[in-house]
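Colleague: Before I use this one, I'd like to hear the reasoning behind each label. Can you put it up so we can go through it together?

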Amino acid sequence: MKVCIIGQGYIGLPTAVLFANNSCEVLGVDINPKIVENLNEGKLHIEEPGLKEKLKIAIDNKNYSASTTPEKSDVFIITVPTPSNIEDLSCDLSYVISACESIIPYLEKENIVIIESTIAPMSTDNIIKPIFEKAGFEIGKDLYLSHCPERVLPGKIMEELINNDRIVGGITPRCSDKAANVYKTFVKGKIMKTEAKTAEMSKCMENTFRDVNIALANELTKICSKIGVNALDVIDLANKHPRVNIHSPGPGVGGHCLAIDPYFIYALAPEEAKMIKLARDTNDSMPQFVVDKTKELLNDIENPKIAILGVAYKGNTGDTRESPGVIVCHLLKEEGFNIGIHDPHVDGENYCSFEEAIENADICLILSDHDEFKNLDFNLMNENMRNPIIFDTKNIVENISNNNIKIINYGNLS
Ligand code: SAJ
């Protein structure tokens, strides 16, 4: 089976590598020539455990190559980004539409087309299907179109792509059958067949569920901070109830999924999607909450320096998309604070080493749950910080005994 995967990012590349290492001939297509050149040399532009080794195997076995243009294939899979439109927060399908148009010259009867990108409910029926019909195909008869949302967690993509259950939403039942057969190549989880629109809504709702529950934990933190209750103890104790699972509060919600997908639903039914919108607003308010609390902790220190540890939205990755850490830095800079930013997973001219960040700092603000921050060098911090205070918004710092450092987290913030 020849598989052409349009978009070689966080999802497209790992998916391409898995097909290639399961006896398929795979062409990974990306519009960025630099990414294509690097991939053909086995060089990655994303960080994902296990991916580099598996890409090397695929290239060595000549089962994977990258290109800027598609080729004739049996299966076409679209894995391009779907941002939200700035004006009405609806789902911006422009990349998906141009990816669909780019494969039309290479499409043949009996081909299978799968959209993996997260898209708003009804997009496959109302927008994507007509693109292929206009090109002369009859969906379900001579071209098989489905929406099969990816559901994997960055950092665990290589195992989750194989083991997670998979939703396959066809335009017709035959489309679902065809797509299900494609995924059987490497998926060990259950493959659940449904309609395209149900698959779209399920995917958007999975991420909305998490966003709303994180908002509840963040709201709890704000309430507890106001009335002097330990929010982290409350969560710990409440979660001992067999049917309660309060999520973890933090500096906000980042990434390309939870912070965006709820708006796809909201934009379709703003009058009804009240809780969904409120949760988004609550989570978006967290960076400012962190800034306000940081200012309170700094009290009256003149010209304070703030050390920022972590800007990635997710622990142990260098992913800064929609990251609350980046927003906190931006807000602090806007207010004229002197900040030193360190993230062991992110490079760039705005970042410095841990030592430089903490040098003469008056507070150390932890905004990502990287493993490196679990056991910080307290001696070094004691010697080099002007005021040894840590504000741990991710509740990650361990080993608090034997030091003079004051550790503030969402459990003792009032
Ligand atoms: N976060 C909290 N509190 C929590 C959990 C997460 O504040 O209790 C924050 C994180 O710090 C981060 C953000 O939420 O800023 C999102 O992180 P995440 O790790 O939960 O999720 P993503 O965006 O990396 O991946 C999600 C996953 N969806 C679900 O868990 C329902 C993943 O399975 C999806 O494949 C992915 O979205 C996607 O592509 O849609």
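Modeller: Sure, and keep in mind that this is a predicted model. Let's begin at the ligand: the shell of residues around it splits into eight nonpolar, seven polar and five charged.

Colleague: How do you know which residues surround the ligand?

Modeller: The test is a C-beta atom within 6 Å of the molecule. By that test 20 residues surround the ligand, and the closest are H247, S248, G250, G255 and C257.

Colleague: Now the whole chain. What makes you say that its radius of gyration agrees with a compact globule?

Modeller: The rule is 2.2 Å times the number of residues to the power 0.38. For 414 residues a compact globule would come out near 22 Å, and the chain has 23 Å, so the value agrees. Along the principal axes, the C-alpha trace spans about 70 × 50 × 40 Å.

Colleague: And what is it built from, in helices and strands?

Modeller: The chain holds 15 helices and 13 strands. As for long-range contacts, take the pairs at least 6 apart in sequence: 71% of those contacts join residues at least 24 apart.

Colleague: Which domains does the assignment give?

Modeller: Domain 1 covers 2-196 and domain 2 covers 286-409, according to the domain assignment. Their C-alpha centres lie 38 Å apart.

Colleague: What share of the chain is buried?

Modeller: Buried residues account for 46% of the 414. The cut-off for that label is 20 or more other C-beta atoms within 10 Å.

Colleague: What makes a set of residues a nonpolar core?

Modeller: The members have to be buried, of the listed nonpolar types, and joined through C-beta atoms within 7 Å. The largest such core here has 76 residues, and I6, V26, I78, V96, I114 and L145 touch the most other members. Its largest share, ten residues, is supplied by helix 8 (residues 196-227). Apart from that core lies another, of 36 residues, with I306, M385, I396 and V397 among them.

Colleague: Pick I78, then. Which residues does I78 touch?

Modeller: Setting aside anything up to four places away in sequence, I78 touches I6, G7, V96, A99, C100, I115, E116 and S117.

Colleague: Over to the loops. Why is K62 called exposed?

Modeller: Exposed means 12 or fewer C-beta neighbours inside 10 Å. K62 has 9, so K62 counts as exposed. You'll find K62 in the loop between helix 3 (51-60) and strand 3 (64-67). Look at the backbone there too: phi of K62 is near 60 degrees, a positive value in a residue other than glycine.

Colleague: E322 has a positive phi as well, about 50 degrees, and is not a glycine. Why is E322 called partly exposed?

Modeller: The buried label starts at 20 and the exposed label stops at 12. E322 has 19 other C-beta atoms within 10 Å, so E322 is partly exposed. The loop that holds E322 runs between strand 9 (305-309) and helix 13 (324-334).

Colleague: What about H345, and why is H345 partly exposed?

Modeller: H345 has 18 C-beta neighbours inside 10 Å, so the label is partly exposed. H345 sits in the loop between strand 10 (338-342) and helix 14 (354-358). Beyond neighbours within four places in sequence, H345 is in contact with E47, A312, N316, T317, G318 and H370.

Colleague: Two helix residues to finish. Why is L278 partly exposed?

Modeller: L278 has 13 other C-beta atoms within 10 Å, so L278 is partly exposed; the exposed label would need 12 or fewer. L278 lies in helix 11 (residues 274-284).

Colleague: And why is E383 exposed?

Modeller: E383 has 10 other C-beta atoms within 10 Å, so E383 is exposed. E383 belongs to helix 15 (residues 378-384). The C-alpha atoms of E383 and I358 are separated by 9.8 Å, with the two positions 25 residues apart along the chain.

Definitions and conventions:
Residues are numbered from 1 along each chain as its sequence is written. This is a predicted model: local features need pLDDT of at least 70, side-chain atom pairs count only at pLDDT 80 or more; totals for chains, interfaces and linings use all residues. Ala, Val, Leu, Ile, Met, Phe, Trp, Tyr, Cys and Pro count as nonpolar, Asp, Glu, Lys and Arg as charged, and the others, Gly among them, as polar. Helices (H or I, at least four residues) and strands (E, at least two) are DSSP runs, numbered from the N terminus. Two residues are in contact if their C-beta atoms, placed from the backbone, lie within 7 Å. Domain bounds come from an automatic or database domain assignment.
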